[in-house]
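Work through the exercises below with the sequence and the model open. Try each task before reading its solution.

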Amino acid sequence: MSTSPRVVIIGAGIVGANLADELSARGWREVTVIEQGPLHLAGGSSSHAPGLVFQTNPSKTMTEFASYTVQKLLSLSRDGVSCFRQVGGLEIATTEARLHDLKRKLGYAASWGVEARLIDPDECEKHYPLLGRGTALGGLHIPTDGLASSARAVQLLISRASERGVSFLGSTPVSGIEQAHGRVTGVATPDGVVPADIVVSCAGFWGPKIGKMVNTPVPLLPLAHQYVTTTALPELGGLNELPDGARLPILRYQDKDLYFREHGDRIGIGSYAHRPMPVNLDDLPAVDAADMSAHRMPSRLEFTAADFLPSWEDSRNLLPALRRVEIEDGFNGIFSFTPDGGPLLGQSPDVEGFYLAEAVWVTHSAGVAKAMAELLIEGQSRTPLHECDITRFEPVQTTAEYVSETSQQNFVEIYDILHPLQPRKSPRGLRVSPFAVRQQELGAYFLESAGWERPHWFEANRDLLQELPPEWHPPERDPWSAQFSSPISAAEAWKTRTAVALYDMTPLKRLVVTGPGALALLQRLTTGNIAKKPGAVTYCLILGGDGGIRSDITVARTGERTFQCGVNGNIDFDHLRTEAARQSAADPFQWVHVSDITGGTCCIGLWGPLARDVVGRVSDDDFTNTTLKYFRTTEVTIGGIPVTALRLSYVGELGWELYTSAENGLKLWDVLMEAGRESGIVAAGRGAFNSLRLEKGYRLWGTDMTPEHHPDQAGLGFSVHQDKEGFVGFEALKKHRDEPATKVLRCLTIDDGSSMVLGKEPVYVDGEAAGYVTSAAYGYSVHRPIAYAWLPAGVDVGDAVHIEYFGQRIHATVTAEPLVDPGMTRLRG
């Protein structure tokens with residue numbers, strides 16, 4: 001009798017082979033891997049990848065993937081030769097800006113537990129003697145980085161998985177994905193259909209073609225990337241025993257978009273400095289399996305020498321020894337790029353059993369395979385995948401035009417120094433609220449998120465700085481943290497706390513869940529008690545099976561069978577509609593429909609102590625506590641406009657989220673702004689909003705907490721209804737509560753009152769890196785910087801810690817939260 005489902009993996013490159021190995025190691029043996037090319041040299045990106053593994057990344061998830069890849073490939077060996085050469089990694093700086101940025105990267109390494117240190121020019125030259133004297137100003141050295149032998153690793157993984165019973169079919173193209181009743185049943189090939197309960201596409205840059213077979217968009221763009229190998233360098237002669245051996249660290253010269261590695265007595269050079277070169281898969285030359293070789297494969301395109309000439313000159317300036325050699329071989333190799341630079345992982349929301357593991361580079365390959373194996377077998381990955389989830393994109397972000405433009409821009413910027421808030425320059429204006437015309441008139445400074453234009457402050461409020469009390473004026477920021485910020489946010493925060501402000505909350509994704517099974521669905525998926533009378537609003541969590549926080553949402557019961565949910569993004573939408581479809585199929589009498597109403601509606605957050613005065617001038621409805629208490633909703637009319645009012649506030653002040661249809665939005669804005677004129681109303685942006693929510697201790701999912709955290713350690717235990725059982729994650733959460741937490745989310749205040757951090761910086765306890773910052777902002781109301789950080793559970797209120805910011809240790813204190821209105825009197829007033 002079968003003990004595991006039938007799995008078909010499409011693609012036997014470094015990801016597919018790793019996944020077959022991870023699944024079979026966990027006891028899943030009914031696995032078939034189908035590869036269109038010959039198994040000994042599949043011809044995809046894995047076959048020509050240079051194999052450099054730099055582990056440190058701004059993303060904790062991506063760093064974990066890379067670190068596991070290093071560990072696994074180090075242990076994968078034959079005849080005493082490992083598939084990973086741990087020669088170390090060296091990133092050099094030739095400009096002051098880059099040297100400064102290496103300090104930020106050092107912080108990432110400390111936050112994520114990767115050994116690293118900054119080294120001076122002399123030590124850079126000692127590690128890499130080919131460097132020109134005086135070229136480097138300094139470097140970041142990571143001793144555990146190195147070179148992955150991807151093609152060799154694939155062969156050893158195929159051998160090991162085969163011994164466990166995995167079947168590999170080489171030279172077998174996939175012609176279709178069989179389906180029945182909304183789920184996969186097999187994979188069609190010229191030799192027949194291979195039955196399958198689960199299909200995982202690990203097809204690399206061919207992924208979009210596989211996705212089309214099941215009408216699943218795969219937002220990926222194949223782009224050519226140049227790589228050359230030089231003739232022999234006398235300086236490297238005799239240093240390496242193997243033709244492809246290496247002793248020197250892998251080298252990044254990001255100021256010129258270059259990287260370097262040894263190939264025996266030759267140097268390999270990769271360049272991102274050339275123009276983006278998109279590849280049309282239909283134009284790829286057909287290569288017969290019998291003719292496939294290291295120099296002839298579909299993913300290896302003809303070298304365009306003219307594109308490489310500037311990089312060749314930059315390489316010779318950096319490594320003078322290259323002036324005595326020539327380019328021996330070069331090619332344009334195809335790699336996968338996505339709109340945000342991340343991989344595409346997870347199950348299609350439209351076809352049950354069809355999974356993707358695409359746009360994965362060798363650097364992260366084994367880590368991704370491990371996460372996918374956990375997802376398939378355990379129901380979720382132990383490494384959070386929200387940054388990589390295939391459903392993270394909005395529909396407009398999966399169009400061919402958007403994918404092409406943004407992926408090419410990511411290629412151009414891959415080694416650029418990018419600020420965390422830095423918006424893309426194009427495409428812009430994709431999603432705008434009905435208030436955009438008024439916001440532009442007020443001089444809004446827009447940043448972009450999920451395609452939405454979001455005001456961060458309004459230049460029209462600059463004159464308010466002259467009225468701002470002295471204690472509200474923020475200190476001058478350092479040049480890095482000053483980017484994409486303005487002191488005007490202080491004035492907008494002041495107005496919110498002392499008068500009234502209007503916030504555009506339209507980009508908050510809104511879903512309507514309706515049907516006879518709507519209540520049962522939400523009761524099963526969330527931690528809150530949703531079974532309240534219509535008019536109730538509930539803040540609650542969606543947990544994973546392990547009790548981790550999958551999301552936090554707000555559920556407003558607007559009718560017996562109708563609920564409006566404020567969620568965090570498209571991942572939540574696809575999760576809810578997938579679960580709704582399953583429930584409806586299991587019991588047609590408990591059908592549920594989930595719809596996204598975001599685009600057809602809009603939302604204004606009207607908040608501040610004078611908010612009730614403003615709305616009272618344009619509405620005859622009762623907005624007092626008698627009728628509309630905190631966390632209640634009702635239908636009202638404001639200025640003749642039908643509005644759904646939710647008594648909520650993410651800034652910690654009296655007020656409401658006011659929802660109406662998109663066509664009525666602009667009038668609602670105008671009505672409220674006019675009614676609020678005598679109360680001193682202002683439009684306020686995300687700069688003020690983020691500061692105010694941190695002062696109030698409100699968490700931001702995906703930043704302050706992720707699926708790796710459970711509610712109690714994140715300070716959200718109150719959102720789990722004390723008498724509720726049976727929801728997803730309930731049993732796991734009970735176990736968590738029986739065990740002491742090892743880490744908790746803490747509020748920190750900066751002791752000197754001026755130093756700013758932005759997030760992801762390491763936090764030191766007793767001189768050791770012990771945690772990392774999640775969110776940070778200047779607290780305008782409390783007149784000092786605030787940061788939230790994950791720290792060991794033993795670190796308590798009043799304890800001193802240090803935050804490392806660009807190499808400097810900043811004194812901070814663990815502080816009780818919330819910093820503002822702990823008694824909730826302002827909110828409930």
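A residue is called buried when its relative accessible area is under 20%, exposed when that area is over 50%, and partly exposed in between, with a 1.4 Å probe and protein chains only. The model is predicted, so local features need pLDDT of at least 70 and side-chain atom pairs count only at pLDDT 80 or more, while totals for chains, interfaces and linings use all residues. Residues are numbered from 1 along each chain as its sequence is written, and side-chain values use heavy atoms, with hydrogens and water left out.

**Exercise 1.** Decide whether G759 is buried or exposed, and find where G759 lies and what G759 touches.

Solution.
Step 1. The relative accessible area of G759 is 15%, so G759 is buried.
Step 2. Helices (H or I, at least four residues) and strands (E, at least two) are DSSP runs, numbered from the N terminus. In these terms G759 sits in the loop that connects strand 37 (743–750) with strand 38 (762–765).
Step 3. A contact means heavy atoms within 4.5 Å. Leaving aside residues up to four places away in sequence, G759 touches V773, T774 and A776.
Step 4. Between G759 and A789 there are 8.7 Å in space, C-alpha to C-alpha, although they are 30 residues apart in sequence.

**Exercise 2.** Work out which strands form the closed barrel and how they pair.

Solution.
Step 1. Two strands pair if DSSP finds at least two bridges between them.
Step 2. Six strands, in the order 37-40-39-38-41-42, make a closed barrel with antiparallel pairing. On average, neighbouring strands of this sheet are turned by 40 degrees against each other, direction ignored.
Step 3. Strand 37 and strand 40 run antiparallel and are joined by seven bridges. Here L748 is opposite A787 in strand 40.
Step 4. Six bridges pair strand 39 with strand 40, again in the antiparallel sense. G779 is opposite R784 in strand 40. The two strands form a hairpin with four residues between them, and H783 in the turn has a positive phi of about 65 degrees.
Step 5. Strand 38 pairs with strand 41 (residues 800–805) over two bridges, in the antiparallel sense. Y764 stands opposite H802 in strand 41.
Step 6. Now check strand 40 (residues 784–792) for burial. Seven of its nine residues are buried, so strand 40 is largely enclosed by the rest of the structure.
Step 7. Axes are lines fitted to C-alpha atoms, for helices over the stretch in contact, and angles run from 0 to 180 degrees between N-to-C directions. Helix 4 (residues 96–112) lies across strand 38, strand 39 (768–779) and strand 41, at about 60 degrees to strand 38.

**Exercise 3.** Explain why helix 13 counts as largely enclosed, and name what its buried residues pack against.

Solution.
Step 1. Helix 13 covers residues 488–498, and 10 of its 11 residues are buried, so the rest of the structure largely encloses helix 13.
Step 2. Among the buried residues are W494, K495 and R497.
Step 3. The buried residues pack against strand 25 (452–458), strand 26 (501–504), strand 32 (601–607), strand 36 (682–684), helix 18 (686–695) and helix 20 (825–828).

**Exercise 4.** Count the aromatic pairs, then classify the pair of Y227 and F331.

Solution.
Step 1. Rings of Phe, Tyr and Trp (its six-membered ring) pair if their centres lie within 6.5 Å; planes under 30 degrees apart count as stacked, over 60 as edge-to-face and the rest as tilted.
Step 2. By this rule there are 25 aromatic pairs. For Y227 and F331 the ring centres are 6.0 Å apart and the planes are at 50 degrees, so the pair is tilted.
Step 3. Y227 belongs to strand 16 (residues 221–230) and F331 to strand 21 (residues 327–337), so the pair ties together parts that are 104 residues apart in sequence.
Step 4. Both residues are buried: Y227 has a relative accessible area of 5%, and F331 has 7%.

**Exercise 5.** State how many disulfides the structure holds, and check C565.

Solution.
Step 1. A disulfide is a pair of cysteine sulfur atoms within 2.5 Å. The structure holds zero disulfides.
Step 2. For C565 the closest cysteine sulfur is in C540, at 7.8 Å, which is too far for a bond.
Step 3. C565 is buried, with a relative accessible area of 1%.
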